[in-house]
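Thank you all for making the time this morning. I would like to walk you through one model, going from the overall fold down to individual side chains.

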Amino acid sequence: MIPKIEPQADAQYIYVKKEAFYKGNFISLMCESFFFAFALTMFSPENVLPVYVSSLSDKAIYIALISALYYGISYSATVFSCVVGVNAKSPKWISVVICFLQRIGFFLIFLSTYLASGNVKLALVTFFVSLTLYAGSAGMSNPLFAQMVGTSIHRNVGTFYGAYNMVGACSGVLASVVLTQCLARLEFPFSFRCVFLLGLISALIATVVVCVGVREVTDDRVREKIRLRDIFPIGTQILRENRGFRNYTIIKILVGAAEFAIPYYIITASGLKNVPAGFVGIMATIYLVAKMVGSLVMGRLADRFGALIVLRVSCICGAVAALLAAFIKDYRLAYVMYALLAVAVNGIMMSSSIACVTCSKNVRTPIYMATVGLLCAPLYVITSFCGAALASWFSYTALFLLAVGVYAVSALLTFWLKDSRGQAEKGE
């Protein structure tokens, strides 16, 4: 119930409304996180999709395509949704529409399993077309979700993202148990068909939760009329004037040259001797438990020190994980490797969302997201195909050693391009 007050100023009245809806929005978004994370576990580009594709073909180029398409397209697609997000009064409903497109991508990936046992080439074509839609809608939804958070969660943003990711990780653990059982007990491709169907159903439930439970609080100010051609000059202006955000973006771009190796971790680990049945599911469980613990720690770090510190810790964990992957012989050591990788990948993702929300102060937030995405996308695409070439000419070890170097340089840059908490949050 919103307190009946006569607002002395619009800002004060909006704050009171946000405070009144805060608890309900927080709970609703935690529920959305639970169901959506369950779905993402079943369609994970780090764990499940590489194994599914490797079951169809052992060519390294197909594994590289997963990274190139997913990260390249998802980062690039942010520019299209940010125009709509900045101009829109209700990011929630636009986000729902974009997320529905993502569910169509999930559905098409599910359909590709019916071709896996008959026409492998057609199954691969269907899969990659589906992945393109999945990645594009995922990228478009990120700025809109950040915008929706800005209109629904007005305080303790770092803690919110930490709790959001923690709940998602808990759900992912449950999903990974189901995943393990499906892959261990069922034959291919029926095993993946069941996995993808469960993920699709869970994703649809998450959309319903947002529609019913989240209540936005927007003001009546005159909205900017941002056009697609305005994004580049506005993004350039943001980078020029906002030093904290600029420093973060420089390092985030470089980190992309290490994340191209992500799909190869699970492939390398799965090829080790004496791996138990359902090994992919076990690894997914470890990945998500580590993500859950890491989310809590990273969220608190972000509230206290800013997004750049989260990025630094993530890069250090990523470097250690890549070093382990380069020389791993025992599948049990892969558990440690994957836990560190989970902290790194999740922390880098969290740092990006937190940096954009805190630096923008809920003004042009989608453009901040799009700026990072557009600058990161080219490097993701280039390094993904370079990684496939390295894997073909040399070995996966070369990929991981390159990732070690990139993570290490990125971590060092966080000390050189210093960014105080005030700069990160005030956008100075």
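I will begin with how the model is to be read, and then turn to the chain, its surface, its rings and a few single residues.

What you have in front of you is a predicted model, in which local features need pLDDT of at least 70 and side-chain atom pairs count only at pLDDT 80 or more, while totals for chains, interfaces and linings use all residues. Residues are numbered from 1 along each chain as its sequence is written, and side-chain values use heavy atoms, with hydrogens and water left out.

Let me take the chain as a whole. The protein chain has 16 helices and 0 strands, where helices (H or I, at least four residues) and strands (E, at least two) are DSSP runs numbered from the N terminus. Of its 428 residues, 58% count as buried; here buried means under 20% relative accessible area, exposed means over 50%, and partly exposed lies in between, with a 1.4 Å probe and protein chains only. The accessible surface of the protein chain comes to about 17600 Å², and 68% of that belongs to carbon and sulfur atoms; these areas come from the Shrake-Rupley method with a 1.4 Å probe, and for residues only the protein chains shown count as cover. If we take the contacts with a separation of 6 or more, 85% of them are accounted for by residues 24 or more positions apart, a contact being heavy atoms within 4.5 Å.

How many residues of helix α10 are buried? In this helix, which covers residues 262–270, 8 of 9 are buried, and among them are Ile262, Tyr264, Tyr265 and Ile267.

Now to the surface. Phe100, Leu101, Ile104 and Leu204 form a nonpolar patch with about 320 Å² of accessible area together. Patches are made of residues with over 30% relative accessible area and no salt bridge, with like charges joined within 9 Å and nonpolar side chains (Val, Leu, Ile, Met, Phe, Trp, Tyr) within 5 Å; a salt bridge, in turn, is a side-chain nitrogen of Lys or Arg within 4 Å of a carboxyl oxygen of Asp or Glu. Helix α4, residues 91–112, supplies the largest share of the patch, 3 residues. Ile104 lies in that helix, and its relative accessibility of 32% makes it partly exposed.

The aromatic side chains deserve a longer look. The structure holds 19 aromatic pairs, where rings of Phe, Tyr and Trp (its six-membered ring) pair if their centres lie within 6.5 Å, and planes under 30 degrees apart count as stacked, over 60 as edge-to-face and the rest as tilted. Phe43 and Phe106 are stacked, because their ring centres are 4.2 Å apart and their planes are at 10°. Since Phe43 lies in the loop between α1 (10–42) and α2 (48–56) and Phe106 in helix α4, the pair ties together parts that are 63 residues apart in sequence. Phe43 is buried at 0% relative accessibility, and Phe106 is buried with a relative accessible area of 0%.

A tilted pair is formed by Tyr287 and Tyr338, at 5.2 Å centre to centre and 50° between the planes. This pair links distant parts of the chain, with Tyr287 in helix α11 (residues 279–305) and Tyr338 in helix α13 (residues 331–360), 51 residues apart. Tyr287 counts as buried at 6%, and Tyr338 is buried at 0%. Ring pairs also link residues into a cluster, including Phe43, Tyr52, Phe106, Phe127 and Phe196.

Charges meet rings here as well. Arg193 lies over the face of Tyr114, at 4.0 Å from the ring centre, and Arg332 lies over the face of Tyr331 at 5.9 Å; the criterion is NZ of Lys or CZ of Arg within 6 Å of the ring centre and within 35 degrees of the ring normal.

I will finish with three polar residues. Ser76, in helix α3 (residues 60–87), is partly exposed at 29%. Ser76 and Ala370 are 294 residues apart in sequence, yet 7.6 Å apart in space, C-alpha to C-alpha. Leaving aside residues up to four places away in sequence, Ser76 touches Gly373, Leu374 and Ala377. Gln147, in helix α5 (residues 120–152), is buried at 7%, and its C-alpha is 9.7 Å from that of Met369, with their positions 222 residues apart in sequence. Ser44, in the loop between α1 and α2, is buried at 4% and, with the same sequence neighbours left out, touches Leu49 and Pro50.
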